[in-house]
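Here is a briefing on one protein model. Start with the structure itself, then work through the points by topic.

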Amino acid sequence: MTERRARGTSPGGRGDRRTSRAARSRPSLDTPGRPTAAKRPTRRHPQPAGATRKSNGRLERSEHTILGLSTGKAVVLAAVLCGLALTLAVPTRTYFSQRAEAVALAKERTELEADLAGLRDRRAQQQDPAYIRSEARDRLRLVMPGETPYIVQIPGIEAPAPPPMSTRTAAPDPWYTDLWRSIAEPAPEGPR
């Protein structure tokens with residue numbers, strides 16, 4: 001179905017008979033009256049900053065180096081390091097905050113265990129009948145059946161006397177209160 005074309009032939013079958021106009025209009029370098037490439041004077045173009053001319057006439061740019069790397073590689077390395085630092089910053093901060101929280105929780109746990117041990121001791125003490133009797137005598141002034149209670153009253157120990165009323169005079173109102181009263185309240189009418 002498809003035909004194989006020979007290399008260099010066009011779809012119209014003309015082959016490579018066409019030549020470009022540009023190729024025909026170019027004079028060859030070996031034509032008389034025209035200097036050849038070796039005899040042509042070279043033009044001097046100003047060199048850009050940081051460029052050097054090699055022996056073959058090509059300009060090459062000398063790149064600045066940072067720590068032995070070219071500028072482009074140093075920028076890429078710096079970007080990678082910044083990305084790595086930003087990637088590691090959040091987990092590191094989380095690690096240290098969780099570590100501080102774990103230390104605080106461990107301290108709180110030891111305090112709670114000490115409180116629990118104290119409460120267990122107190123519960124065991126309150127279940128002792130001798131402790132209950134002594135507390136009933138001291139706090140509630142209860143006595144066992146058959147005992148006679150005595151209350152010794154020493155003068156001055158009963159109840160302290162109430163403090164005397166202070167004879168200090170009240171501080172006068174500030175000036176703006178007096179001013180407001182004089183404006184808000186009507187003046188008392190005197191005899192006419």
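## Briefing: a partly exposed valine and its surroundings

V143 is partly exposed, with a relative accessible area of 39%; the class runs between buried (under 20% relative accessible area) and exposed (over 50%), using a 1.4 Å probe and protein chains only. V143 sits in the loop between helix 3 (129-140) and helix 4 (175-184). The model is predicted: local features need pLDDT of at least 70, side-chain atom pairs count only at pLDDT 80 or more, and totals for chains, interfaces and linings use all residues. Residues are numbered from 1 along each chain as its sequence is written, and side-chain values use heavy atoms, with hydrogens and water left out.

**Overall make-up**

- The protein chain holds four helices and four strands. Both are DSSP runs numbered from the N terminus: helices are H or I with at least four residues, strands are E with at least two.
- Read from the N terminus, the order of elements is α-β-β-β-β-α-α-α.
- The protein chain has 192 residues, and 2% of them count as buried.
- Contacts are heavy atoms within 4.5 Å. Among contacts in the protein chain with a separation of 6 or more, residues 24 or more positions apart account for 0%.
- The exposed area of the protein chain is about 19300 Å², with 58% of it supplied by carbon and sulfur atoms. Accessible areas come from the Shrake-Rupley method with a 1.4 Å probe; for residues, only the protein chains shown count as cover.

**Helix geometry**

- Helix 2 covers residues 71-126, which is 56 residues. At 1.5 Å a residue it should span 82 Å, and its end C-alpha atoms are 81 Å apart, which agrees.
- The expected span is 1.5 Å times one less than the number of residues in the helix.
- Helix 2 has a kink of about 30° at A89, shortly before the proline P91. The bend at a residue is the angle between axes fitted to the seven residues ending there and the seven starting there.
- Helix 3 has twelve residues and should span 16 Å at 1.5 Å a residue. Its end C-alpha atoms are 16 Å apart, in agreement.

**The loop after helix 3**

- R141 comes just after helix 3 and takes a positive phi of about 55°. R141 is not a glycine.
- Most residues other than glycine have a negative phi.
- R141 lies in the loop between helix 3 and helix 4. Its relative accessibility is 61%, so R141 counts as exposed.
- V143 and R133 are ten residues apart along the chain, and their C-alpha atoms are separated by 8.8 Å.

**Salt bridges**

- The count comes to five salt bridges. The rule asks for a side-chain nitrogen of Lys or Arg within 4 Å of a carboxyl oxygen of Asp or Glu.
- E147 and R137 meet through their side chains in a salt bridge (2.9 Å, N to O). This pair links distant parts of the chain, with E147 in the loop between helix 3 and helix 4, R137 in helix 3, and their positions ten residues apart.
- E147 is partly exposed at 35% relative accessibility, and R137 is partly exposed with a relative accessible area of 36%.
- R109 and E113 also form a salt bridge (3.1 Å, N to O). They are four residues apart in helix 2, so about one helical turn separates them.
- R109 is exposed at 55% relative accessible area, whereas E113 is partly exposed at 42%.
- D178 pairs with R181, and the closest N and O atoms are 3.9 Å apart. Three residues apart in helix 4, D178 and R181 are separated by about one helical turn.
- Salt bridges that share partners join D173, D178 and R181 into one network.
- An α-helix has 3.6 residues a turn, so residues three or four places apart point the same way.

**Aromatic pairs**

- The whole structure contains two aromatic pairs. Rings of Phe, Tyr and Trp (its six-membered ring) pair if their centres lie within 6.5 Å; planes under 30 degrees apart count as stacked, over 60 as edge-to-face and the rest as tilted.
- Y95 and F96 make an edge-to-face pair, 5.2 Å centre to centre with 65° between the planes. Y95 is partly exposed, at 46% relative accessible area.
- W175 and Y176 have ring centres 5.7 Å apart and planes at 80°, so this pair is edge-to-face. Both W175 and Y176 are exposed.
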